[in-house]
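Biologist: Could you take me through one part of this structure up close? I'm new to this, so please explain the terms as you go.

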Amino acid sequence: MSAIAVVRNAQDLLAEAGLHGAFLVRNLDTGAEIGFDADTPYPAASLVKVPLAVAVLERVARGELDPATPVDVPPGRITTPGPTGLSRFRHPARIAVDDLLYLSTCISDSVAADALFDLVPPPAVAAELQRLHVNGIAVRHRAGDLADTPAERLGPDDVHLAHSLAIGAATPGQGHPVAQLDITRANTGSARAFVDLLHALWRPSTIQAATAARVRALMGDNLHRQRLAPDFTSDASRWSSKTGTLLHLRHEVGVVEHADGQSYAVAALTASRVPAVAQPGSEATMAQVARSLHDHLRAGILPWWG
C-alpha cells in the first residue's frame, strides 16, 4: 500500500470511529516520518506534564532544586471519577520533589503536578522549553485548571452534556468558550511539537543527559496503558508514553523501542465527535491508526504526510 493510501485509510478509520485528529510517527535515527495534520495545535491536557518534568529536572541538574526536598501538599479531595493519586487524598501529605515527578508523570496526578508548578511556574516551564530550543508547546496554566470544566459541575448522569458542549461550541479558528479547549488560552501543542520533544529526550542534545534519562524512565513507568500501549507493547519492544484526556480529547505521545535497535516517536492527538465519557472503541482505533503509520514507516517505504 502506498503512503498516500495508508494515510487516507487512517483518516477514514478515525472518521468511522467519530474522531478527528493529528498523527505523526518519526524514525528517531533517520528522521523519516509519516503523518497528517501534524502542525495543527491541540489543547495539550495532561501531556503538559512531560515538559513540566523536563523543566523541573533541568533545574535539578543545574543544582537549583534538590530532588529530595520535601513538599507539603494539601489534599485534592476530588470525588468525581477520573483523577488519581493526591487528587483523591483526604489529608495533607509531605512528599519529595522526585516522588512528585513520579506521581505527576506516571499516574498523571494533577495535584502533584501543581506542587511542581509551584516550584517551576508555567512561564518558567515555557522559558525552559525555549532555552532548550523545543518549540511549538505553549505552557500557560497549571494542571489543576483542567479540573475546572463543566463536567465537574454536573452529576454523573449529565456529564455527556459537558461533552456535547465541548464538541459543539468550538469555532472554526479553534476558539472555545471552555478555556481549557481554546488554543489561545489553553496549554497547547501539535503532534510535531511533541514528537520534537520526544526526539530531544531519546536523542538528547540540548536537554541534559540526566534529565532525558529520568524522563524516559518516568514515561516507561506510565500506568495508563489502555490507549496506544496494546498495539506497541510486546516482548520485543518497549513502549514509553504519556496520555492526555480532557472532555472529548484523547491524546497519547510516546516512543517505541524495538529489540533490533530502531526507535520511533509517535504522537496521536484526537478529538471525538461522540458525547460519551467511555469510548474504548475510539481508543482502539487510535492505536490501530498509529500502528499502521508506524508499520508503513518501519517497512522502509518513502513517507508522505498531509
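Modeller: Sure, let's start with glutamine 288, which sits in helix α10, residues 280-298 (helices are DSSP runs of H or I, at least four residues, numbered from the N terminus). This is a predicted model, where local features need pLDDT of at least 70 and side-chain atom pairs count only at 80 or more, while totals for chains, interfaces and linings use all residues. Residues are numbered from 1 along each chain as its sequence is written, and side-chain values use heavy atoms, leaving out hydrogens and water.

Is glutamine 288 buried or exposed? Its relative accessible area is 40%, so it counts as partly exposed (buried is under 20%, exposed over 50%, partly exposed in between, with a 1.4 Å probe and protein chains only). Setting aside neighbours within four places in sequence, glutamine 288 is in contact with Leu13 and Asp231, contact meaning heavy atoms within 4.5 Å. Leucine 14 is 274 residues away along the chain, yet its C-alpha atom and that of glutamine 288 are 9.5 Å apart.

Now for the cores. The largest nonpolar core has 66 residues, and Leu86, Leu100 and Leu201 have the most contacts inside it (such a core is a set of buried Ala, Val, Leu, Ile, Met, Phe, Trp, Tyr and Cys residues joined through side-chain atoms within 4.5 Å). Helix α7, residues 191-202, gives the most to this core, with nine residues. A second, separate core has 26 residues, including Leu13 and Met286. In soluble globular proteins, nonpolar side chains tend to be buried together.

Technical notes: Helices (H or I, at least four residues) and strands (E, at least two) are DSSP runs, numbered from the N terminus.
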